[in-house]
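Here is a short walk through a few places in this protein that reward a closer look. Keep the sequence at hand as you read.

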Amino acid sequence: MKTRIGVLYGGKSPEHKVSLQTAMAVMNAIDKAKFDVIPIYITTEGQWVKGEKLTGSVHDVKQLQLAPKERAILPVALNQTSIAEETNGPTEDTIDVIFPLLHGPNGEDGTVQGLLELLNIPYVGNGVLASAAGMDKVIMKNLFAQAGLRQAKYVSFLKKEWQQNEEAAYDKVESELGYPCFIKPANAGSSVGISKCKKREELKQAFMDAFRYDRKVIVEEAIVGREVEIGVIGNDDPVCSVVGEIVPKKEFYDYQAKYEDGNTELIIPADITDEEYKTIQQMAIVAFKALDLSGLVRADFFLTKDGVVYINEVNTMPGFTPFSMFPLLWKHSGVSYPELIEKLVQLALERHQEKQTITYTF
């Protein structure tokens, strides 16, 4: 019997559209000879909708926007696996593993992972703590600092703190970081709400833009260097892909460059030295273990002309769209798209099986 993968996508998040693109790409890439694919859509209002088993390719993301009135479910209805095991074995409703393809808040931040943990359902990717820490850029950078990883200087602000004394916030940015600097929501991805600021007037507008998406923002010094990324997969013994370089034709790698206009050059593998690759690889593994990551992550770095490497951030659910770096890194590392998906599913099942050996009573 084929392994039944519930592909979970959409979500109540600013990155809802990105998730649809990722889901379409992954669904079309899954080896249908080995896996059955069950679409599970979360609307922008947070309703869950379970579709029929996929029988062909998805040609348009509109096909994935399932109507709640037809097949709406409660999330707890996904807990069919354990029920089936206790009764008469797997049924047509059984889902063996969930593949969450949710980007941003209410999906990539540990919330859905916590639900799946409570339901005792295997799922691809990072756990609750790793997802939450990887989503919150301030917490992530605090943990990177604790692990001794080199990174850009940064400061953070809560919305209420900023509202009470805006000028003090701007003064702190200028005194501790200077210009140019980058400001972004602490809990958002895909370059949503990010701005590059070269003067105070731009900084004021950037604060307002970033606070639209979160109650906390982070401001970082601008590092002059190449933007390079590496893919990591694994559980307790992670392995790395080749390194790729992003060369945005705009001033920086924003949302449109990532997902809409393709106005970015991806160089894979990046033209770096063996020593630079070794440093990036080692730092990626340190970051992976510092955040207790599992399954998959894309680690992003800056590489200066002097060969100094700074870690920027990790993405615990990197995109799988045609413009996405993560699957391309693994393709150039000898792992095809379908093979990568299969490997991630295997890692999810292995981690889940290990958890079942833990004693929860005393």
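Is Glu313 buried or exposed? The model is a predicted one, and in it Glu313 has a relative accessibility of 15%. Buried means under 20% relative accessible area, so Glu313 counts as buried.

**The annotated pair**

Glu313 is a good place to start, since UniProt, in an unreviewed entry, places the feature "binding site" at Glu313 and Asn315. Glu313 belongs to strand E14, which covers residues 309-315, and Asn315 lies in strand E14 too. Asn315 is also buried, at 12% relative accessibility.

What surrounds them? Neighbours within four places in sequence are left aside here. Glu313 is in contact with Lys137, Met140, Phe144, Lys184, Arg298, Ala299 and Asp300. Asn315, for its part, is in contact with Glu108, Val297 and Arg298. Arg298 thus appears in both sets of contacts.

**A cavity to visit**

Glu108, a contact of Asn315, leads us to another spot, for it also helps line the second largest cavity. A search of the whole structure finds three cavities of 30 Å³ or more, and the second largest has a volume of about 70 Å³. Its lining also includes Pro100, Leu102, Gly107 and Gln113, along with Val124, Gly125, Asn126, Ser131, Thr316 and Met317. By class, the lining has four nonpolar, six polar and one charged residues.

**Two residues of helix H1**

Leu102 lines that cavity and is also touched by Ser19, which brings us to helix H1, residues 16-29. Ser19 has its place in this helix, and Val26 lies in helix H1 as well.

The side chain of Ser19 reaches the backbone nitrogen of Gly10 at 2.8 Å. Not counting residues up to four places away in sequence, Ser19 touches Tyr9, Gly10, Leu101, Leu102 and His103.

With the same kind of neighbours left aside, Val26 is in contact with Phe99, Leu101, Phe320, Tyr337 and Ile341. Leu101 is therefore a contact of both Ser19 and Val26, where contact means heavy atoms within 4.5 Å. Val26 and Ile5 are 21 residues apart in sequence, and their C-alpha atoms are 11 Å apart in space.

To close, here are the accessibility values of the four residues discussed above.

| Residue | Relative accessible area | State |
|---|---|---|
| Ser19 | 0% | buried |
| Val26 | 0% | buried |
| Asn315 | 12% | buried |
| Glu313 | 15% | buried |

Notes: Residues numbered from 1 in each chain as written. Predicted model: local features only at pLDDT ≥ 70, side-chain atom pairs only at ≥ 80, totals over all residues. Heavy atoms only, no water. Helix = DSSP H or I, 4+ residues; strand = E, 2+ residues; numbered from the N terminus. Buried < 20%, exposed > 50% of the residue type's maximum accessible area, 1.4 Å probe, protein only. Polar contact = N/O pair within 3.5 Å; in protein donor to acceptor, adjacent residues only side chain to side chain. 1 Å grid on protein atoms, 1.4 Å probe; cavity = no way out; pocket = protein on both sides within 12 Å on 5 of 7 lines; lining within 4 Å. Points joined across faces, edges and corners; volume = space filled by probe spheres on them. Nonpolar A, V, L, I, M, F, W, Y, C, P; charged D, E, K, R; others polar. UniProt positions renumbered as here; feature names shortened; annotations may be inferred.
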